Every structure is written in C-alpha cells, then in structure tokens.
Amino acid sequence: MSTPEIHDVLAEVMSVKRCRGGVYRAELVAPEIAAVAKPFQFVNIKVSPGNDPFLRRPFSLSRIEPDEGIIEITWAVVGKGTGIMATWEPGREVKILGPLGNGFSLEDKGLTGGFIAPLGGKAPELILVAGGTGLAPMYPLVMSARKSGFTVSLFYGGRSLESLMDTDRFEQSGCEVHISTEDGSAGFRGVVTGLFESRLRNLSASDIVVACGPRPMLQRLKSMCGQRNIRLYVSLEERMACGVGLCKGCAVKTSGNDPGYRHVCTDGPVFLADTVELGGE
Ligand SMILES: Cc1cc2nc3c(=O)[nH]c(=O)nc-3n(C[C@H](O)[C@H](O)[C@H](O)COP(=O)(O)OP(=O)(O)OC[C@H]3O[C@@H](n4cnc5c(N)ncnc54)[C@H](O)[C@@H]3O)c2cc1C
Ligand code: FES
C-alpha cells in the first residue's frame, strides 16, 4: 500500500463568505493539497495563530480545484474554533494539514472491493443522502462521478428552508436534487430518510448510496439499505485531535465478523456501513 501524500502548508485565505443555510465558505490557496486530494478527504486546520484553541479542527473539502491550486471548506459555527474561522478575512494565512483520511473514489477498489462497474460498462447509479452540513463533502464526488458517466441523485434534508445550504452547484453539474424539510417549508415534509424511502424501492444491487449527516440519519439508512441489500457508504464525524492516527481519539467499533476498532481519521472518514457500529443497532 502506498504512503498517503500529506502536506503541512501555510495557506492564504482567498475569500470568505456567509452563505445560505447560515454556513461560511472559504477558498484557500493550497496547491499541494488541491493536486492530490480526493472526494471526502479532509484537512486539519489551525484556526488561529496562538494556542487557543490548541487543537486543529477537521473540515471536509467542499470543492477541489487542482488547476487553480485552490481548496474550499464550508462550515457551520458550533463553537470557539468555527466562530474564529467566521472572522477570517482574505489575505490571512492559516496552517493546514492534508489531505487526510481515505476519501471516496468510485474507481477505488480498496474501499469498494472492485464492486463498481468498470469504465465503459453500464455504470451503476450513485445516490447521495445528506443532512445539514453533511452536504459539504458531496460536491467533489459529484464532479468525479459525472466525469465517469454516473447518474447522480442527491437527497438533502434539514429542519427548514433557512437551514438548507445552497444546492445550485449540484443542479448545474447535472445531479438530480431532492429536498426535504421537517417543517415542510421546502420540498418533502419530513426527514430525508422518509424522502429517500421511495427511491430505495427502485434501486438495484449494483447501485451505491453514500451518506453524510447526523448519526440517527446514518443509523436509519443502514437499517433501510441493509434490508434491501443495497451497498451503503457512510462518512463519519468524530471529535479529532491529531487527524493522523496517533492519538486514537477517533476510534469507532467495527461490526460483523471483524471485532475491533477503526480510526475515522485514517481508516475513514468513509466506511462501508456494514463494517462499523453506528449505534442504535
Ligand atoms: C472528518 C471530519 C470532517 C468534518 N467536516 C466538516 C465540514 O465540512 N463542515 C462542518 O461544519 N463541520 C465539519 N466537521 C465538524 C467540525 O470539525 C466541528 O464542527 C469543529 O471541529 C467544531 O470546532 P469548534 O471549536 O467550533 O467547536 P467545539 O467548541 O470544539 O465544539 C462545539 C460542539 O461541536 C461538537 N463537535 C466538535 N467537534 C466535532 C466533530 N469532529 N464531530 C462532531 N461534532 C463535533 C462538540 O461536541 C460540541 O457540541 C467535520 C468533522 C470531521 C471529523
Ligand atoms: S484523530 Fe488522532 S487517531 Fe484519529
């Protein structure tokens, strides 16, 4: 197995904006990372020059532009680190370690077990299910899947219209977008797994579901896809310290015939749902 290429760089913040859904989005100049990053990989960011907060914070790559040397991150303010990031201004420099994690590529036989149909054959359908900021890492996968000729559909849900992030870039890239809100202010009224249920009935064993969002959503999807024998990949978020497999802080229990632990930062964040315990089983 080849050693992953990880870079510790000082990246310039090129732009920061507040976007729909109350999230922030920043473009960072990091050509070394942009050149090698895969969908669903992440970066560990030192959000301020001092020691407070001491630990770096992990964020998925919401856009990867290797030709321009730019990566983009999208975040919700939930605490001190993300609050500081919301005050970043263009021109500032931040320390970034990445790309980290296994990422997810439809051509990657290591993770998919060679399940994906070869290029040139009939490609299976790719279904993305996202809740809240779980939408952030989905776009780079859509871009690579569309280039490989996959049909891609997105099921995206939140509490209300105001809580939903912008999905324009997904629509523009030819992805079919389905929305749900719990209060019914946009799209299907209810949770996103309810919206996805009708589509699940029409999926075949060669199709693939990739999900990112709150743990109860992932638990429900695991049960739903398990009953229909549909292959589900989940991207997990655990609190992280090192991001590179040293602190063992991000361990998740394996399930099935392989008792033990996996680390979200190095073995994940993407796992075949059947191989990890998500709780609620
Ligand atoms: C691989 C990975 C990718 C991520 N990608 C994104 C992303 O693209 N966009 C985004 O908005 N967030 C993402 N997160 C979550 C993000 O890292 C946390 O929200 C952030 O670290 C919180 O920092 P803070 O200092 O603001 O909050 P803190 O003050 O540290 O914590 C505030 C609250 O957030 C919770 N929290 C903190 N860290 C995590 C975490 N790692 N996972 C789940 N809950 C956490 C805490 O339990 C607490 O309730 C990702 C996490 C991981 C592990
Ligand atoms: S964050 Fe340290 S081992 Fe995963």
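**View 1. A seven-strand open sheet with mixed pairing.** Seven strands line up as E11-E10-E9-E8-E12-E13-E16 to make an open sheet, and the pairing here is mixed. At the edges sit strand E11 (188–189) and strand E16 (270–272), each pairing on one side only. Pick out E12 and strand E13 (residues 231–235): these two run parallel and are joined by five bridges. One place to look is valine 209, whose bridge partner in E13 is leucine 232. Helix H6 (residues 192–200) packs on the sheet, where it touches E8, E9, strand E10 (176–181) and E11. The direction of H6 makes about 150° with that of E9. As with every view here, keep in mind that this is a predicted model.

**View 2. Helix H4 and what it packs against.** Helix H4 covers residues 138–147, and its buried residues are Met138, Tyr139, Pro140, Leu141, Val142 and Ala145. What do the buried residues of H4 pack against? Their neighbours are E5, strand E8 (126–131), strand E9 (152–158), helix H5 (168–172) and strand E12 (208–212). After H4 comes glycine 149, with a positive phi near 85°.

**View 3. The antiparallel sheet, edge to edge.** This open sheet also has seven strands, in the order E4-E3-E7-E1-E2-E6-E5, and its pairing is antiparallel. E4 and strand E5 (63–65) stand at the edges with a single partner strand each, so one side of each has no neighbour in the sheet. From one strand to the next, the twist averages 35°. As for what holds such an arrangement together, strands of a sheet pair through backbone hydrogen bonds, either parallel or antiparallel.

**View 4. Strand E3 with E4 and E7 as partners.** Strand E3 (residues 42–46) pairs with E4 in the antiparallel sense, over four bridges. You can step along this pairing residue by residue. Phenylalanine 42 stands opposite serine 60 in E4, asparagine 44 faces proline 58, and isoleucine 45 has arginine 57 as its bridge partner. E3 also pairs with E7, again antiparallel and over four bridges. In that pairing, lysine 46 has lysine 95 in E7 as its bridge partner. Is E3 mostly covered or mostly open? Mostly covered: four of its five residues are buried.

**View 5. Edge strand E4, side chain by side chain.** Strand E4 takes in residues 57–60. Which residues of E4 point one way, and which the other? Arg57 and Phe59 go one way, Pro58 and Ser60 go the other way, and all of them are buried. That is worth setting beside the place of E4 at an edge of its sheet, where a single partner strand pairs with it. E4 also turns up in the ligand view below, as it gives four residues to the shell around ligand 1.

**View 6. Ligand 1 and its shell.** There are 21 residues around ligand 1, and those that come nearest are Trp75, Gly79, Gly81, Thr82 and Ala136. E4, strand E6 (70–75) and helix H2 (80–85) are the elements that give two or more residues to this shell. Which element supplies the largest share of the shell? That would be E4, with four residues. Sorted by class, the shell around ligand 1 has ten nonpolar, six polar and five charged residues. Why is ligand 1 said to lie between the two domains? Domain 1 (7–100) and domain 2 (109–275) both give residues to its shell, so ligand 1 lies between them.

**View 7. Where the two domains touch.** The protein chain is divided into domain 1 (7–100) and domain 2 (109–275). Their centres, taken over C-alpha atoms, are separated by 22 Å. At the contact, 21 residues of domain 1 meet 19 residues of domain 2. On the side of domain 1 that touches domain 2, E3, E4, E5, E6 and strand E7 (93–100) each supply at least two residues. By class, that side of domain 1 has 13 nonpolar, five polar and three charged residues.

**View 8. Proline 216 in helix H7.** Proline 216 lies in helix H7 (residues 215–228). Is proline 216 buried or partly exposed? With 14 other C-beta atoms within 10 Å, proline 216 is partly exposed. Look for leucine 278 as well: the two are 62 residues apart in sequence and 8.6 Å apart in space, C-alpha to C-alpha.

Note on methods:
Residues are numbered from 1 along each chain as its sequence is written. Chains are lettered from A and ligands numbered from 1 in the order in which they are written. This is a predicted model: local features need pLDDT of at least 70, side-chain atom pairs count only at pLDDT 80 or more; totals for chains, interfaces and linings use all residues. A residue is buried if 20 or more other C-beta atoms lie within 10 Å of its own, exposed if 12 or fewer, and partly exposed in between; C-beta atoms are placed from the backbone. Two strands pair if DSSP finds at least two bridges between them. Axes are lines fitted to C-alpha atoms, for helices over the stretch in contact, and angles run from 0 to 180 degrees between N-to-C directions. A residue is near a molecule or strand if its C-beta atom, placed from the backbone, lies within 6 Å of it. Ala, Val, Leu, Ile, Met, Phe, Trp, Tyr, Cys and Pro count as nonpolar, Asp, Glu, Lys and Arg as charged, and the others, Gly among them, as polar. Domain bounds come from an automatic or database domain assignment. Two residues are in contact if their C-beta atoms, placed from the backbone, lie within 7 Å.
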